[in-house]
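Let's take a walk through this fold, going from the overall picture down to single side chains. Keep the viewer open as we go.

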Amino acid sequence: SVYSEHEALMAHANTRALFSDFQGLVSDSSDMLSTGDTTDSQDEDGHSTESSWQKPDTPSTVVSREVSYTLDGTSLNFTGFVAYPKEHDVSSTSLPGLLLIHDASGLDDMEKYRSEEMALYCYFVFAADLSGGENVLQSVMQDQTQFMLRARGGLQMLTETAAAEGVSLNTSMIFAQGYCFGGSVVIELARAGEDLVAVSSFHGVLANRSSYGATYDQEVKAAIQVHHAEDDFQGPESLDQLEADLTGQNVAVWQATTYGNVDHSWTNPGSTSVYSEHEALMAHANTRALFSDFQGLVSDSSDMLSTGDTTDSQDEDGHSTESSWQKPDTPSTVVSREVSYTLDGTSLNFTGFVAYPKEHDVSSTSLPGLLLIHDASGLDDMEKYRSEEMALYCYFVFAADLSGGENVLQSVMQDQTQFMLRARGGLQMLTETAAAEGVSLNTSMIFAQGYCFGGSVVIELARAGEDLVAVSSFHGVLANRSSYGATYDQEVKAAIQVHHAEDDFQGPESLDQLEADLTGQNVAVWQATTYGNVDHSWTNPGSTSVYSEHE
């Protein structure tokens, strides 16, 4: 009744991107960026005015060039940029299209770099020029007619340039991404009802354009993704207003992520004083996950879930109490089993669950570890399913049992000693179980993810200073535990990722408070995403009335 397939796919793909980033598996910018002096100059909004960064050479597998063009409705001349993979069979392969829109400084090396980067992922990219030599903030930004004419002209040139290059374009799979000014453009194209599958805005200008004559009564076909900096000059209220606007326009699929401790233009390697590599890597990986999801390339839940009746029952917080969903069979490439254990400090017996890839060379390969924590209903088939899913991505997973047969909301949740004892017991069992299974565990690469109650647990482990690389909370209980005796003066070593539902029973203020808490505790790397039109427990396939697959 609450499972949202799209949103569940996206949240788990974003989590894997975070975990992979810290393992050095996200190639993205880190492979392509050249090194150099990190000094530069910015204007008051963080746009680079002078920088030592140099665009790296075009990859050998990418074709790219400038494209001159004109548009009806203006006498200006424009110079765009095209990039696409060199080795593709035009007779049998149609490439998805990507319109890329520049920031306020115009189309320069940063946008050309990002275009070639996306071409490496098999997109046909057209980076449009919306300036024509003008200052877009003084001209286009204040003229709705020219704003939309040049934006739509970019879409037209995407199609025309593909034909001119002899590339077969999949016109049913057109995406858009933009930066700052360009972030505003792609959001406006989506809200104007253009035939786009999904758009992604990086530190975009978020104010709606109704004062310039824009209307927002069109059906929105595209999913909208927004990447926003905690310290952006527009402030958090700009994102709050956009979220309200998207809900008001009935946008079906949207997500908005705030990245902690970063400023406007933080994805621009040319803005070296504000460029934040981790967050830039993550934002672009999340964008590719969104685009891939809509192309059916994110295998995740859709490959593993069994079908069946979608009726179920939930308690008042959306936790499934009865469901027709059945855990699929364990993949043939995964080893999994239950693990019984006890812990000092409690007389209860616990039953955890281990899952890891069957075919790995223990003599040469150390697997990253993942502690997985269940929701309020205890460790059941949903957590076993998610454990086996992560094992497919080469994690050694231990799903801990924090209930021991008790109701965690009535016992553990209200007892800080038992809460932390059982949580840390899970970390201990992760290590001990790997040894018992004869698996080499990379103890410098330990991650954690949790659901609802478990989302609270992994956040608290991180904030308690445990040796974790990154944690991810799915529709977690977000209130801090100071009323139960928790303290938050420890150094936080882990990156913290939070996935929150727009319609969660805790309300948006719970996420606002957590963000303030993380900033107050000087957490170095954190990101918090709100998913539109979903409810608490939306990643649980057993909660079929709220499950949202994309998210």
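Start with the big picture: of the protein's 551 residues, 63% count as buried. Keep in mind that what you're looking at is a predicted model. The accessible surface adds up to about 20100 Å², and carbon and sulfur atoms account for 45% of that. In terms of secondary structure, the protein has 12 helices and 21 strands. Sequence-distant pairs feature heavily here: take the contacts between residues at least 6 apart in sequence, and 75% of them join residues at least 24 apart.

Now for some helix packing. Two packed helices are described by the angle between their axes and the distance between the axes. Begin with α4 and α5, whose axes sit 10 Å apart and make an angle of about 80°. An angle from 65 to 115 degrees counts as roughly perpendicular, so α4 and α5 are roughly perpendicular to each other. On the α4 side, the residues that meet α5 are F147, M148, A151, R152 and L155. Their partners in α5 are F181, S184, V185, E188 and L189. Sorted by class, that contact has seven nonpolar residues, one polar and two charged.

Next, scroll along to helix α10 (residues 416-436) and helix α11 (residues 453-463). Their axes come within 10 Å and cross at roughly 80°, so α10 and α11 are roughly perpendicular to each other. From α10, the residues involved are F419, M420, A423, R424 and L427. They meet F453, S456, V457, E460 and L461 in α11. The contact of α10 with α11 divides into seven nonpolar, one polar and two charged residues.

Stay with α11 for a moment. How many of its residues are buried? The count is 11 of 11, so to speak a helix that is mostly covered. The buried residues include G454, G455 and V458, as well as I459, A462 and R463. What do the buried residues of α11 pack against? The list takes in two helices, α10 and α12 (508-520), plus the strands β15 (367-373), β17 (441-451), β18 (470-474) and β19 (495-501). Just after α11, G465 takes a positive phi of about 85°.

On to the charged pairs. The count of salt bridges comes to 14, and a few are worth clicking on. In one of them, E165 pairs with R65, with the closest N and O atoms 2.4 Å apart. This pair links distant parts of the chain: E165 is in the loop between α4 (144-164) and β7 (169-179), while R65 is in strand β3 (residues 62-70), 100 residues apart. R65 counts as partly exposed, at 37% relative accessibility.

Another salt bridge brings together the side chains of E194 and R152, at 2.6 Å from N to O. Here too distant parts of the chain are linked, with E194 in the loop between α5 (181-191) and β8 (198-202), R152 in helix α4, and the two positions 42 residues apart. R152 is also one of the α4 residues that meet α5. Is E194 buried or exposed? With a relative accessible area of 18%, E194 is buried, because buried means under 20%. R152, at 37% relative accessibility, counts as partly exposed.

For a local pair, look at helix α9 (residues 381-391), where E389 and R386 both lie, three residues apart, about one turn of the helix. Their side chains meet in a salt bridge at 2.9 Å, N to O. Both E389 and R386 are buried.

Finally, visit two spots with contacts far along the chain. S4 lies in the segment before α1 (5-22), and at 6% relative accessibility S4 counts as buried. Which residues touch S4, leaving aside its neighbours within four places in sequence? They are V534, W538, V546, Y547, S548, E549, H550 and E551.

H550 turns up again in the surroundings of F294, a residue of helix α7 (residues 277-294). Beyond its neighbours within four places in sequence, F294 is in contact with H6, M173, F175, V197, A198, A223, V253 and H550. The C-alpha atoms of F294 and H6 are separated by 8.6 Å, although the two are 288 residues apart along the chain.

Terms used
Residues numbered from 1 in each chain as written. Predicted model: local features only at pLDDT ≥ 70, side-chain atom pairs only at ≥ 80, totals over all residues. Heavy atoms only, no water. Axes fitted to C-alpha atoms, helices over the stretch in contact; angles between N-to-C directions. Helix = DSSP H or I, 4+ residues; strand = E, 2+ residues; numbered from the N terminus. Parallel < 35°, antiparallel > 145°, perpendicular 65-115°, else oblique. Contact = heavy atoms within 4.5 Å. Nonpolar A, V, L, I, M, F, W, Y, C, P; charged D, E, K, R; others polar. Salt bridge = Lys/Arg side-chain N within 4 Å of Asp/Glu carboxyl O. Buried < 20%, exposed > 50% of the residue type's maximum accessible area, 1.4 Å probe, protein only. Areas by Shrake-Rupley, 256 points an atom, 1.4 Å probe, with all protein chains shown as cover.
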